[in-house]
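Hi,

Here is the structure I said I would pass on. Have a look at it first, and my notes follow underneath.

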Amino acid sequence: MKMNSIGFVGTGAITEAMVRGLLAEPAYASEIHVSPRSAHIAATLAAEFASVKIARDNQDVVDRSDMVFLAIRPQIAEEVVRALSFRTGQTVISLVAATERQALLDWIGADVNLVQAIPLPFVAQRQGVTAIYPANAIIAALFDTLGTAVQCQSRKEHDLLAALSAVMSTYFGVMESITGWLEKNGLERAKGQAYIAPLFASLAQKANSPGTEPFSALSREFATRGGLNEQVLSDFDKKGGLAALTAALDGVLARIEGRRS
């Protein structure tokens with residue numbers, strides 16, 4: 001279903017990615033209103049897409065949009081949202097990280113249809129996976145357009161997937177660490193990167209294939225008994241790698257849930 005008017009309060013990297021994904025052919029929205037803040041991104045999008053309009057301010061975004069995305073940093077979210085007036089029944093999607101649903105409703109101060117979502121940068125290419133809470137067929141259809149939507153049945157499910165989304169930098173950090181190890185041992189960096197990126201991409205493709213076995217089965221499949229893959233996994237575990245990852249995820253979840261880690 002094509003939306004008539006979508007608005008973004010906040011024009012940062014995620015907004016840019018979503019707008020590009022929503023306006024890829026076939027376009028999902030007739031009009032997209034973006035706030036004037038981050039003027040360069042707003043101007044770039046408006047120049048590239050005729051359906052992107054730069055609003056006068058954040059309230060103008062809300063007034064002109066059937067569906068409003070809150071794409072702002074948690075540090076300024078309360079100040080920005082409390083200053084806005086929303087319509088009863090308006091659909092509001094919060095992309096604000098680590099912020100409780102009830103706090104958002106209190107700041108909004110109107111009886112809106114509030115959904116929380118965690119879009120990732122890959123939505124620009126319509127390849128992203130996005131967790132939403134609560135389950136909502138219309139919002140799920142939007143994010144299915146941008147890749148795949150995962151509808152969470154509880155806040156706990158949403159918090160867990162939010163915590164998981166925090167491993168992206170670590171993923172690339174592991175790749176960088178391996179590249180550095182190769183370079184240290186005599187392989188030029190460009191060749192290391194040319195090998196590692198397709199290797200990781202192939203593994204991800206294998207894991208995402210239809211009917212694929214559980215990750216534990218894949219791990220065993222790629223670890224010949226007594227072989228090199230088994231050795232690395234075993235050493236990684238024995239030296240605390242798996243425990244460190246689990247502890248890091250526990251810490252992120254505590255932060256999202258508002259507890260001290």
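One definition before anything else: by a polar contact I mean a pair of N or O atoms within 3.5 Å, where, within protein, one must be able to donate a hydrogen and the other to accept it, and residues adjacent in sequence count only if both atoms are side-chain atoms. With that in hand, the side chains of Ser-5 and His-33 are joined by a polar contact of 3.4 Å.

Some housekeeping. This is a predicted model, so local features need pLDDT of at least 70 and side-chain atom pairs count only at pLDDT 80 or more, while totals for chains, interfaces and linings use all residues. Residues are numbered from 1 along each chain as its sequence is written, and side-chain values use heavy atoms, with hydrogens and water left out.

**Overall**

The protein has twelve helices and eight strands; these are DSSP runs numbered from the N terminus (helices H or I, at least four residues; strands E, at least two). The C-alpha trace spans about 65 × 40 × 35 Å along its principal axes. Of the 261 residues, 36% count as buried, where buried means under 20% relative accessible area, exposed over 50%, and partly exposed in between (1.4 Å probe, protein chains only). Taking contacts (heavy atoms within 4.5 Å), 52% of those between residues at least 6 apart in sequence join residues at least 24 apart.

**Back to Ser-5**

Ser-5 is found in strand 1 and is buried, at 6% relative accessible area. Besides pairing with His-33, the Ser-5 side chain reaches the backbone oxygen of Arg-64 at 2.7 Å. Beyond four places in sequence, Ser-5 touches Glu-31, His-33, Arg-64, Ser-65, Asp-66 and Met-67.

**The cores**

Which residues have the most contacts inside the largest nonpolar core? They are Ile-6, Met-18, Ile-32, Phe-69, Leu-142 and Phe-143, in a core of 31 residues. A nonpolar core here is a set of buried Ala, Val, Leu, Ile, Met, Phe, Trp, Tyr and Cys residues joined through side-chain atoms within 4.5 Å. Strand 1 (3–9), helix 1 (13–22), strand 2 (29–34), helix 2 (39–48), strand 4 (67–70), strand 6 (113–118) and helix 6 (137–145) each supply at least two of its residues. Apart from this core lies another, of 19 residues, including Val-61, Val-68, Val-81 and Leu-84.

Met-18 is worth clicking on: leaving out residues up to four places away, Met-18 touches Phe-8, Phe-69, Leu-95, Pro-119, Val-123, Leu-142, Phe-143 and Leu-146. Phe-8, Phe-69 and Phe-143 form one aromatic cluster.

**Helices 7, 8 and 9**

In helix 7 (residues 155–164), His-158, Asp-159, Ala-162 and Ala-163 are buried. They cover an arc of only 140° around the axis (taken from the directions from the helix axis to the C-beta atoms), so they sit on the same side of helix 7. Strand 6, strand 7 (128–133) and helix 12 (241–256) are included in what covers them.

The whole structure has four aromatic pairs. For these, rings of Phe, Tyr and Trp (its six-membered ring) pair if their centres lie within 6.5 Å; planes under 30 degrees apart count as stacked, over 60 as edge-to-face and the rest as tilted. Tyr-171 and Phe-172 pair edge-to-face, at 5.3 Å centre to centre and 90° between the planes. Tyr-171 also pairs edge-to-face with Phe-200, at 5.6 Å and 80°. That second pair links distant parts of the chain, with Tyr-171 in helix 8 (residues 168–184) and Phe-200 in helix 9 (residues 189–207), 29 residues apart. Tyr-171 is partly exposed at 37%, Phe-172 exposed at 51% and Phe-200 buried at 17%.

Ile-196, also in helix 9, is buried at 4%. Outside its neighbours within four places, Ile-196 is in contact with Met-175, Ile-178, Thr-179 and Leu-182.

**Backbone oddities**

Most residues other than glycine have a negative phi, and most peptide bonds are trans. Here, a cis bond with omega about -5° joins Glu-25 and Pro-26, the latter in the loop between helix 1 and strand 2. Tyr-133 to Pro-134 is also cis, omega near -5°. Ser-38, in the loop between strand 2 and helix 2, has a positive phi near 55°. Ala-98 has one near 50°, in the loop between strand 5 (91–94) and helix 5 (101–108).

Cheers
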